[in-house]
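Colleague: I am new to this structure and would be grateful for a close look at a single part of it, the stretch where the backbone does something out of the ordinary. Please then set that part beside the rest of the chain.

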Amino acid sequence: MILTQAHEALRTAVRNVPADGWELPTPCAEWTVTQVLQHAAGDQIGYAAFITGGPLPEENPFAPSGKLADAPEEVAERAMKASADAWATVSPDAQEVPVPVPPNTMTYSLGIGACALDAAVHAWDIAMATGQPSPLTPAMARELLPIAEQHIEPLRAYGVYAAALERQDGDDDVALLLRYLGRDPHWKP
């Protein structure tokens, strides 16, 4: 399942951040690794909250403070567990699942895919910022690109995603996904 794979990518990226890596810059302009983690965790909690009616993130995921109250792995695990547990309560046949992104309801397939996309791309951001290998596999990227194409455009108007970058000759599936999300697949700190 794509959400499980995306969560594992995020888990691996967070686990492998070196002790001195939390303040490094990331592909998310003006955000450190800590802030990307806060944003990713907040988004996962946001999906859980919309599905279950539970609490929203304590901090605005779009204005992360850069200060963690708990260990990074605990922050990530708590958020991913909330998200996975919430999605487990939704029928795969559901046509209108409440989600924290416009239009605020999606089919199960699109919603869980959007949640996975968020975790996977921020896993990539953290990994790239800290010199790790890409956690995005070609298979994940192939599954996530059509999901991104269905729900990203309306979000660009809110400044949530940068404009798509032009495709390049030789782009693989991962590069195509990243460029669509406004990320340079060859980004370096």
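Modeller: Helices and strands are here runs assigned by DSSP, of at least four residues (H or I) for a helix and at least two (E) for a strand, and they are numbered from the N terminus. The model is a predicted one. With those names in place, the part to examine is the loop between β1 and β2, where N104 is found. The strands that bound this loop are β1 (97-98) and β2 (105-106), and P103 also has its place there.

The peptide bond that leads from P102 to P103 is cis, and its omega is near 10°. In the loop between β1 and β2, N104 has a positive phi of about 75°, although N104 is not a glycine. The relative accessible area of N104 is 33%. Partly exposed describes values between 20% and 50%, so N104 is partly exposed.

A second non-glycine residue with a positive phi is E30, at about 70°. E30 belongs to the loop between α1 (2-15) and α2 (33-52). Its relative accessibility is 79%. Since the term exposed applies over 50%, E30 counts as exposed.

A positive phi is also found at G131, about 75°, just after α4. Helix α4 covers residues 108-129, which is 22 residues. From its first C-alpha to its last, α4 reaches 32 Å, close to the 32 Å expected at 1.5 Å a residue. Helix α4 is mostly covered, with 21 of its 22 residues buried.

The remaining feature is a pair of helices. Two packed helices are described by the angle between their axes and the distance between those axes. For α5 (residues 138-156) and α6 (residues 173-180), the axes come within 9 Å and cross at roughly 15°. Angles under 35 degrees count as roughly parallel, and α5 is therefore roughly parallel to α6. The crossing in which α5 passes α6 is left-handed. On the α5 side, the contact is made by P138, A141, R142, L144, L145, A148, E149, I152, E153 and R156. The α6 side supplies D173, V174, L176, L177 and Y180. Sorted by character, the residues of this contact comprise 10 nonpolar and 5 charged, with no polar ones.

Note on methods:
Residues are numbered from 1 along each chain as its sequence is written. This is a predicted model: local features need pLDDT of at least 70, side-chain atom pairs count only at pLDDT 80 or more; totals for chains, interfaces and linings use all residues. Side-chain values use heavy atoms; hydrogens and water are left out. Axes are lines fitted to C-alpha atoms, for helices over the stretch in contact, and angles run from 0 to 180 degrees between N-to-C directions. Angles under 35 degrees count as roughly parallel, over 145 as roughly antiparallel, 65 to 115 as roughly perpendicular and the rest as oblique. A crossing is left-handed if the near helix is turned anticlockwise from the far one by less than a right angle, and right-handed if clockwise. Contact means heavy atoms within 4.5 Å. Ala, Val, Leu, Ile, Met, Phe, Trp, Tyr, Cys and Pro count as nonpolar, Asp, Glu, Lys and Arg as charged, and the others, Gly among them, as polar. The expected span of a helix is 1.5 Å times one less than its number of residues. Buried means under 20% relative accessible area, exposed over 50%, partly exposed in between (1.4 Å probe, protein chains only).
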